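Here's a quick briefing for anyone opening this structure for the first time. Have a look around, then come back for a guided tour.

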Amino acid sequence: MGGMNEYLQLTTGNRLVDRAFRIALGDYFGNVQPWRGENSVESRSCILAGLDYDKPWTRDAAFNSWFAGSFLTPEVARNTLVGVLTRDEAGLRIGGEYWDAIVWVTAAWNHFLVTGDRDFLATAFEVAVNSLHYFESTELDLRDGLFRGGACFQDGVAGYPDYFADGPTSGIADWVKVHPREKASCGHGLPMKALSTNALYYNAYRLLPNMASVLGVPANPDWAARLERLKAAINRNFWNPDTGTFHYLVDGHDTTDRQEGFGHAFVLLFGIASDEQARSVLQNQYRTAHGIACVWPTYERYATPDGMSFGRHSGVIWPQVNTAWVMAAAEFGRPDLAWNELASLAGKACRDNQFAELYHPLTGEIYGGHQEKWDGSGIVEWLACQRQTWCATGYVRMILSTLFGLSVDASGVRFTPWLPGELSRVSLEGLCYREARITLVVERSEGAPRIEINGEQREKAVVSANAKGRQDVHVMLGFRAL
C-alpha cells in the first residue's frame, strides 16, 4: 500500500488554483501528528482535525480519509479511522458523538477501494455491523423509520430551531439534560431527525453487501429490506414536491423549510434521490455569494437588521459541505457548479494562506458565526479555527472530482475529466492508488477525443485495481470544453 507520497503536484495554469493546492497539502501534512486512540497501545501518526485541535474527532477522521487522506497517506488514514473506534458491550464499534458517527462506514469502504487493504476491510465490516445494530436499538424510531439525532457535523445549537436553543451549553447533545420529558425513551434521546444523518445510515446499509462480497461472507438477507425501508422513509418524510428540494429536519419544530447542504449532497451521491429529484435539487439549491451554506437560511435569532449576521451552523460556509456538493454536482453532470465552488474556495485560501474552518456567506471573510456561549447564555460571535484539515482535504477532493472526474469502485479508479473554458491543460503527478502510481494529463486537442494509458489507446480512462507501478493517463478532450 505504501506510505506517504513522495510528492503530489497539480499544474493547471491558474495561479490561484495551483497555489491553493499547495496550501492544502501544507495544511494537511502539518496536521498529521502522533496520537493514541482508545484501542491503540501506542501513539501513531493520525490526521488531526486542524491546527487548533489535538485529536482527530470521528466525523473529521471520516471526511479527511474519504476526501483525500486515503490517497495521500494511506497508512495514516488507516491509523486515524481505527483510532476513533471504541469497544463496549456492543463490541468494536464507532466512537465519538453518536448521531453522525455512521459516516465512518462510508470512509472505511472508500479506504478499502483506494488501498485494497483487506485486513482493514475485515475490521471495518465488523465495526459496521456492530454499529448499525447498536444504533438500530438506540436511535431508530420505528414509527417513521428514521434515525434520531442532529445533522452531520452540526454539534452546535446554531444549526437548530429556537426550540433547541435553551440547553445548558452550546452543544446540541446537551439539550436533553434539561428537557427530560421531551427526551426519547431510548438512546441519547434527542428528538429530531436530520436529512444528512439518515442519508449516511442509508449508505452504510448500501455498503454492507459490498463489504461482505469482497470478504466472502454471506450477506444478511434483511439488509436489503432495511435499505429499502430507510430509502422510502427518507423520501416520504423529507421530500418536498412544492419546493423541489428535501426538508432539513423532521420533528425539528422548525417554522421555515430550510435547505441542508450535506443532506442535499448525500441524497444525490448515495442514490436516494431519483434522477428527477436530483435535477430538481441541483436547480433549486440556494447558493450564496460564496457557495452553498451548511443550512439556509440562518435561524432568525442570529439575524441582524443589516443582514450581515449568521449562525455558526446556519447560513455560513463550511468547506467540507461544499466539497460533498462538488462531488455530487460533478457526478450528476454539472461540473460547472462544482467549478464555481472550487474557484471560490481557492481564492479564499490564497488570500489567507490557509484553509480556515468557515467563512461569511456574503463577504467571504473568515467568520466563526454567531452562537450561544459555551454555558448556553447569550449570543456571541465565535472564532473560526485555523488550518482546518477537512477543508484542505476537501479542496484536494474538489480538484479530483471536478477537473479529473475521479471515481473509484472495486474494479478500479475511473477518470471522466472536464475543463472549464479558461483551462486548456491540467496535470496531476504522484497519485497513489493501491500498488500503482498515477500521472494524469488532461488537455484539449484539435483532433478527435482520445484516451491513452501508458501510450496505448483505450476507450475509457480506467486504471485497474490490479495495476502496478507507474500509470500514465493522458486524456485529450478535443478542442471544445466539455
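Is Trp57 buried, partly exposed or exposed? With a relative accessibility of 31%, Trp57 counts as partly exposed. Keep in mind that this is a predicted model. The tour below starts with helix packing, moves on to the core and then stops at some single residues.

**How helix 6 packs with its partners**

- A handy bit of background: two packed helices are described by the angle between their axes and the distance between the axes.
- Take helix 5 (residues 118-138) and helix 6 (residues 195-215) to begin with: they pack at about 140 degrees, and their axes are 10 Å apart.
- Angles over 145 degrees would count as roughly antiparallel, so helix 5 and helix 6 are described as oblique to each other.
- The crossing of these two, helix 5 and helix 6, is left-handed.
- On the helix 5 side, the contact is made by Arg118, Leu121, Ala122, Ala124, Phe125, Ala128, Val129, Leu132, Phe135 and Glu136. Helix 6 brings Tyr201, Ala204, Tyr205, Leu208, Met211, Ala212, Val214 and Leu215 to that contact.
- Sorted by character, the residues where helix 5 meets helix 6 come out as 16 nonpolar, no polar and 2 charged.
- Now for helix 6 and helix 7 (residues 222-238): their packing angle is about 160 degrees, with axes 10 Å apart. That makes helix 6 roughly antiparallel to helix 7.
- Helix 6 also passes helix 7 in a left-handed crossing.
- In this pairing, the helix 6 residues include Leu195, Asn198, Tyr202, Arg206 and Pro209. Among those they meet in helix 7 are Trp223, Arg226, Leu230, Lys231 and Phe238.
- The contact of helix 6 with helix 7 divides into 13 nonpolar residues, 1 polar and 3 charged.

**Asn198, a residue of helix 6**

- Asn198 lies in helix 6, and at 0% relative accessibility it counts as buried.
- Who does Asn198 touch, once residues up to four places away in sequence are set aside? Its contacts are Leu146, Phe147, Lys193, Leu230, Ile234 and Phe238.

**The nonpolar core**

- The largest nonpolar core has 162 residues, and Trp104, Phe266, Phe355, Tyr395, Phe404 and Phe415 touch the most other members.
- Helix 6 turns up here too: it gives this core its largest share, 11 residues.
- Zoom in on Trp104 and, leaving aside neighbours within four places in sequence, you'll find it in contact with Ala62, Leu81, Val84, Leu85, Ile94, Phe120, Ala124 and Val127.

**Helix 3 and its surroundings**

- Helix 3 (residues 74-83) has 7 of its 10 residues buried, so it is largely enclosed by the rest of the structure.
- The buried ones in helix 3 are Pro74, Val76, Ala77, Asn79, Thr80, Leu81 and Gly83.
- What do they pack against? The buried residues of helix 3 pack against strand 2 (32-35), strand 3 (44-47), helix 2 (58-72), strand 4 (85-88), helix 4 (103-115) and helix 5.
- Gly83 sits in helix 3 and is buried, with a relative accessible area of 5%.
- Not counting residues up to four places away in sequence, Gly83 touches Trp35, Gly37 and Glu38.
- Gly83 and Asn203 are 120 residues apart along the chain, and their C-alpha atoms are separated by 22 Å.

**An exposed spot on helix 1**

- Arg22 belongs to helix 1 (residues 15-30). At 69% relative accessibility, Arg22 counts as exposed.
- Going from C-alpha to C-alpha, Arg22 and Leu10 are 8.2 Å apart in space, with their positions 12 residues apart in sequence.

**Backbone details in the loops**

- Trp57, from the opening question, lies in the loop between strand 3 and helix 2. Its phi is near 65 degrees, a positive value in a residue other than glycine.
- Asn353 isn't a glycine either, yet has a positive phi of about 60 degrees.
- Look for Asn353 in the loop between helix 11 (335-352) and strand 14 (370-372). At 38% relative accessibility, Asn353 counts as partly exposed.
- The peptide bond from Trp296 to Pro297 is cis, and its omega is near -5 degrees.
- Pro297 lies in the loop between strand 13 (295-296) and helix 10 (319-331).

Methods:
Residues are numbered from 1 along each chain as its sequence is written. This is a predicted model: local features need pLDDT of at least 70, side-chain atom pairs count only at pLDDT 80 or more; totals for chains, interfaces and linings use all residues. Side-chain values use heavy atoms; hydrogens and water are left out. Axes are lines fitted to C-alpha atoms, for helices over the stretch in contact, and angles run from 0 to 180 degrees between N-to-C directions. Helices (H or I, at least four residues) and strands (E, at least two) are DSSP runs, numbered from the N terminus. Angles under 35 degrees count as roughly parallel, over 145 as roughly antiparallel, 65 to 115 as roughly perpendicular and the rest as oblique. A crossing is left-handed if the near helix is turned anticlockwise from the far one by less than a right angle, and right-handed if clockwise. Contact means heavy atoms within 4.5 Å. Ala, Val, Leu, Ile, Met, Phe, Trp, Tyr, Cys and Pro count as nonpolar, Asp, Glu, Lys and Arg as charged, and the others, Gly among them, as polar. Buried means under 20% relative accessible area, exposed over 50%, partly exposed in between (1.4 Å probe, protein chains only). A nonpolar core is a set of buried Ala, Val, Leu, Ile, Met, Phe, Trp, Tyr and Cys residues joined through side-chain atoms within 4.5 Å.
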